[in-house]
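Let's walk through this structure together, from one helix out to the whole chain. Have the model open beside you as you read.

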Amino acid sequence: MNYYALILLGQLNFYLEMLIPVLMLLRRRERRSYFFLRLLPVAAVGAGLAFMPAIAIGPFGLNYLIVSAIVFLAAWFLFNISPLNALFYTIAAFAVQHGLWDILFVIFEAIGTLTQAAALAIYFSLYLVAYILFFLFFPVSDLKQGGVKGRGLQFAVSGFILAFVYIIASFVPWISEWNILYRLYALVCCVFALGLQCGLFEHTKLKERTRRLEQDKFMLEELLIREQKKYAITKDTIDLINVKCHDLKHQITALRTMGEEEREKSLKEVEKAVMIYGNIAKTGNETLDIVLTEKSFLCESYGIRFTYMIEGETLSFMAPADISSLFGNALDNAIESVMKEADAEKRVIKLNASSKRGYFAVHVENYCTEKVRFKDGRPVTNKPDKNNHGFGVKSMYFIAEKYGGTITMRQVDCLVCLDILLPVRQEEGLAPA
């Protein structure tokens, strides 16, 4: 039975059967200006296809290639995508169209004799249900991340498979006894090709990616534990310094009763020791004071000029261990960077942090003449053992995401800049679970 004659209106059906999946696949992509006005010529071209005569070259029907090319142009005309991505989505839409037609053909063959009304009812019911399921469950969000980007091989393989299916389809009507077998074969090919393009068969890479994420999470948790222990040790050190400084003040008073020569000599030594108290930070947050004091001592020993202005009281919404890890890693990276500068005048680190419009903004910058490489917005470590380094940066991103914040890292001329933006919680003293 000629099922085509029961439901098709020239090439209009084929055009719509491809255009609708393309629009679904591209619904999250950027539309071109005057999108709805652009739909008018797209619809007009489709209507004209209903009257296009059959064009054959040997056993190949050229009509479907022409319609596919028009759908490709429509995708590029309506959405702000590259021609290669337009082709990517057109091929995916062809897999959807051909697969659904194969299912429809198998249903028709199973039923046998059909009236045109019955054929149309089955046709519209199948496509309506299929499009709804396709819209709700197909992983279009994966395709929207760049279409063919990262899937060049899968794209080429799926294109080859569908081209082969199309060529075979040109011969099938002449050998009707093979038609049902071809339809089943073509359906499998279409599903496989579509799966390749949307990444449904990337289980090996997914498992490897999951394993790495679990490993990174474990390492980050280990880093946080280490930072917490380091915080406790450093706190004891700062408390000891405060006690010593307090005692020194009393000793200065006692020294003033000594003889002039002995007194002046002792006073200079004591006052020099007391100067250490000037490096102790007083930001309004005890944990942050400990971190900044420790890094100030470290910078002084390395000849690094370290300046900071911070409203530490705002950080009451963060857990102490997270504050220690976040600021400690940020400053450790800056110190490691400026230590590479041979010119002592270029060993400069600046840290500013304040609350702005419900957000706590942190800005760290340091001089760096070396070109820093970035991947996905993060600096790439230059150390040979890349698997066991770079966890400081990962820890910072982990903490920022924990509090619903963001981190931006970039290099502007000879400055490496780190910007952290954290939403300030209203319930002071509470950290996210």
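The expected span of a helix is 1.5 Å times one less than its number of residues. Helices (H or I, at least four residues) and strands (E, at least two) are DSSP runs, numbered from the N terminus. This is a predicted model, in which local features need pLDDT of at least 70, side-chain atom pairs count only at pLDDT 80 or more, and totals for chains, interfaces and linings use all residues. Residues are numbered from 1 along each chain as its sequence is written, and side-chain values use heavy atoms, leaving out hydrogens and water.

Begin with helix α5, residues 83-111. Its 29 residues should span 42 Å at 1.5 Å a residue, and the end C-alpha atoms are indeed 42 Å apart, so the two agree. After α5 comes Gly112, with a positive phi near 95°.

Now move on to helix α6 (residues 116-137), where you will find Leu128. Leu128 is exposed (over 50% relative accessible area, 1.4 Å probe, protein chains only), because its value is 54%.

Stepping back, the chain has 14 helices and 9 strands. Of its 433 residues, 41% count as buried (under 20% relative accessible area).

How far can you trust each part? The average pLDDT (the predictor's confidence in each residue, from 0 to 100) is 76 for the chain, and 65% of the residues score at least 70. Confidence is lowest in helix α7 (residues 140-143), with a mean of 48, and highest in strand β5 (residues 359-367), at 92.
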